[in-house]
Number of protein chains: 2
Amino acid sequence: MQMDRAEGERKDFWQLTGPTKGKRPTLKDVAAHVGVHFSTVSRALDPATAHRITDEVRARIQAAVAELNYRHNVAAATLRTHSSKTIGIIVPDITNSLFGPIIKGIDSISSEHGYVALIGDTDNNPEKEEKLISTFLARGIEGLIVASALREDEVVSAVAHDGTPIVTVNSHVDDDSVSSVSYNVRPSIGALVKHLAELGHRRIAFISGPSSWSTAEERLAAYRYWIDRVKAVVSDDLIVYSNEYREEEGARCAEELLRSGVPFTAVMAANDLLAFGALNVLQRHGLECPRDVSVTGFNDIPMAERWSPPLTTVKVDPLRAGKAAAEILFADIKLAPEERQPKHVLLPASMVVRHSTAAPSSGQLRGAPTNG
Amino acid sequence: MQMDRAEGERKDFWQLTGPTKGKRPTLKDVAAHVGVHFSTVSRALDPATAHRITDEVRARIQAAVAELNYRHNVAAATLRTHSSKTIGIIVPDITNSLFGPIIKGIDSISSEHGYVALIGDTDNNPEKEEKLISTFLARGIEGLIVASALREDEVVSAVAHDGTPIVTVNSHVDDDSVSSVSYNVRPSIGALVKHLAELGHRRIAFISGPSSWSTAEERLAAYRYWIDRVKAVVSDDLIVYSNEYREEEGARCAEELLRSGVPFTAVMAANDLLAFGALNVLQRHGLECPRDVSVTGFNDIPMAERWSPPLTTVKVDPLRAGKAAAEILFADIKLAPEERQPKHVLLPASMVVRHSTAAPSSGQLRGAPTNG
DNA sequence: ATGAAAGCGCTAACAT
DNA sequence: ATGTTAGCGCTTTCAT
């Protein structure tokens, strides 16, 4: 009987008592049970080396594994191999319907690779992001996907330069050594602007996101580009900045627009939530959409088509974005650090016209001061 | 200079070359840098033991940590302490707007406890659930929250009996030794039934979920209970079973109901998605809601209030459910296995009446065969 | 085909 | 207050 000497001489503080009692079985336990050396068990259990073990021995090992309910201890393997088989996912707000599909996309790819994912929600707070990244790194994640990146995100850049594969999704940092997958916004915003212009709109307001967000910056830039192209009215007075992509902020911005007195016949919002909030305020002020104002959004979240009126917006495919990000990540994980190249994929985004846009009511401009 | 003997004698297969080059610094590295023993560094870095180290030494250690960019190796600590500081979360479909808030609730509590969470999506597939649980366990999770549990979920029961704290959320298993947090459905379904009955409905159909799901079973049971109480028509012909909580299934079930020819003036669906699908089909068949049929849902997902007509349903608080589940879990994690007691919390759920319910159009019953 | 042994990076009991 | 030491459970060379 080749019982291991290390066994049975101590009671662990966390286990009840006695040898191998109340404790998870280890390789040694199954080895003892089968009567082989524990390294043999290790080999038999690793698909890459299993062929080197006699069928008969392997069968007995598998039986013992089942009987003892043995489970691989990944922490120990990680310590030994420096491979944790886990990645990290960080989102700004998991409650936002945009991120569910992104996570699902990532999850589907990473489970194909035998990886699991740690999840973290930053609540749109850069400090939480930093803390999450730091704990994730301590856990030995082999790669990181960040959906909450700011344009200047030092932590994200630091991780990239530290050699941990990282890709931003649905956003990107200015530092283009960090891989990213986002959407091709210029043409889609262009479609929106041209659609509005063809309808006859010349004074098109824009509710932007915070300029520190890449999505906000690029959507605004695209707006500016196309407004000029289309010979509509270019004016900073038509642009107002929200602090977050939330309905409340959309409402606040719409109020601000109305209060400022700038005339406008349409408002483009940097995302759907902002558009919903704006729509509410506009309606509350007696402006009917699309008769009196046209409104557009971005993302085409499920609610957009159910809103009243159904929202003209830009459709995006977050599931696919999540998959694309994960694919880039795993390609990098498999590569030696020095052969990794930053990649930037731009997924298509396409306008979907619904009922929140129409020709402006003959010549009449909105936006006379309503109070103050 | 007290360089450690173990250092500098080998090149790791995974690092580029030379001693301490290209490799993450360890406690030994910072110890060498400061000129103390690595166990001193360990103590200085652990808040629980940091007070035993001289301020001056601790300061130098912290400086070295920053300079070398040292990071705690949780895998090593886990191996040593048997505490991974991670939990697992398993959801049936992260794309469903119900689960974002649940995850956020869990995440908020677990980060308070210094824990991080692994996430897994089962796609409503019990085999995937089993696989996920198994990989999570191998990763040494200290607790598990499952939102995808079936009523008879052997794997979930097995985990519970194996001693890993586990709680089901938004669902529960029949085995009541597994802690759960779900909603108090009986009164809320009661409110719906009474509301419909007061409106004058006597033939109320029910679109159920699969009977293997606890949510489906308890909502159907509540429906049966109250239908009888309220002296409405009790008949199995009024009940139809979906295979999943999806719009398509709601549509299919509504078709089935219409095709069967049973008269009904209202349909209660086991959840909002089912209700939406049913609503669409009913409308497509020329039935106007609420004039010709009343429809109700369950969950009050964000879209419910935007649907046309806005849906009468039952409001539930998934964020709170997530928090409650996590609180139970962490209480258990802190307890010795033998003092853990299963807990079952029922969160309030309340009817919200919107515009999909009204009095039935005078005496006329729906549901004459429409085809086949 | 299998056994022996070393060591991944850490914590904690035990010295001093 | 700090140093010494012994593993945690595993993978992987090196023997046999």
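These notebook entries record what I looked up in a predicted model.

**Entry: salt bridges**

I began with the total, and found 32 salt bridges over all chains. I then examined individual pairs.

In chain B, I found the side chains of Arg354(B) and Asp300(B) joined in a salt bridge at 2.4 Å, N to O. This pair links distant parts of the chain, 54 residues apart: Arg354(B) sits in the segment after strand E12 (350–352), and Asp300(B) in the loop between strand E9 (294–296) and strand E10 (313–315). I noted that Arg354(B) and Asp300(B) are both buried. I also recorded a network, in which salt bridges with shared partners join Asp93(A), Asp121(A), Asp123(A), Lys128(A) and Lys104(B).

Next I took the salt bridge between Asp174(B) and Arg151(B), whose closest N and O atoms are 3.3 Å apart. Asp174(B) lies in the loop between strand E4 (166–169) and strand E5 (179–183) of chain B, and Arg151(B) in the loop between E3 and helix H7 (154–162), so the pair ties together parts 23 residues apart in sequence. Asp174(B) counts as partly exposed because its relative accessibility is 39%. Arg151(B), at 21%, also counts as partly exposed; the cut-off for buried is under 20%.

In chain A, I noted a salt bridge between the side chains of Glu248(A) and Arg246(A), at 3.5 Å from N to O. Glu248(A) is partly exposed with a relative accessible area of 49%, and Arg246(A) is partly exposed with 36%.

**Entry: charges without a salt bridge**

Which side chain of opposite charge is nearest to Glu142(B)? I found Lys85(B), 5.7 Å away; Glu142(B) is buried yet has no salt bridge. A salt bridge requires the nitrogen to be within 4 Å of the carboxyl oxygen. I placed Glu142(B) in the loop between helix H6 (126–138) and strand E3 (143–146) of chain B. Beyond its neighbours within four places in sequence, the contacts of Glu142(B) include Ser83(B), Lys85(B), Tyr115(B) and Ile333(B).

I also located a positive surface patch, formed by Arg186(A), Lys194(A), Arg229(A) and Lys231(A). Lys231(A) belongs to the loop between helix H9 (214–229) and strand E7 (239–241) of chain A. Lys231(A) is exposed, since its relative accessibility is 63%.

**Entry: backbone geometry**

Most residues other than glycine have a negative phi, and most peptide bonds are trans. I therefore searched for departures from this pattern.

I found a cis peptide bond from Ser308(A) to Pro309(A), with omega near 0°; Pro309(A) is in the loop between strand E9 (294–296) and strand E10 (313–315) of chain A. In chain B, the bond from Cys289(B) to Pro290(B) is cis, with omega near 5°, and Pro290(B) is in the loop between helix H11 (272–284) and E9.

Asn299(A) has a positive phi of about 115° although it is not a glycine. Asn299(A) is in the loop between E9 and E10 of chain A and is buried, with a relative accessible area of 6%. Phi of Asp123(A) is also positive, near 55°. Asp123(A) is in the loop between strand E2 (116–121) and helix H6 (126–138) of chain A and is partly exposed, with a relative accessible area of 38%.

**Entry: His33(A)**

Lastly I looked up His33(A), in helix H1 (residues 27–34) of chain A. At 41% relative accessibility, His33(A) counts as partly exposed. Apart from neighbours within four places in sequence, I found His33(A) in contact with Ala64(A), Glu67(A) and Leu68(A). From His33(A) to Leu335(A), I noted a separation of 302 residues in sequence and 40 Å in space, C-alpha to C-alpha.

How values were computed
Residues are numbered from 1 along each chain as its sequence is written. Chains are lettered from A and ligands numbered from 1 in the order in which they are written. This is a predicted model: local features need pLDDT of at least 70, side-chain atom pairs count only at pLDDT 80 or more; totals for chains, interfaces and linings use all residues. Side-chain values use heavy atoms; hydrogens and water are left out. Patches are made of residues with over 30% relative accessible area and no salt bridge: like charges are joined within 9 Å, nonpolar side chains (Val, Leu, Ile, Met, Phe, Trp, Tyr) within 5 Å. Accessible areas come from the Shrake-Rupley method with a 1.4 Å probe; for residues, only the protein chains shown count as cover. Lys and Arg count as positive and Asp and Glu as negative; His and the chain ends are not counted. The place of a charge is taken as NZ of Lys, CZ of Arg, CG of Asp or CD of Glu. Helices (H or I, at least four residues) and strands (E, at least two) are DSSP runs, numbered from the N terminus. Buried means under 20% relative accessible area, exposed over 50%, partly exposed in between (1.4 Å probe, protein chains only). Contact means heavy atoms within 4.5 Å.
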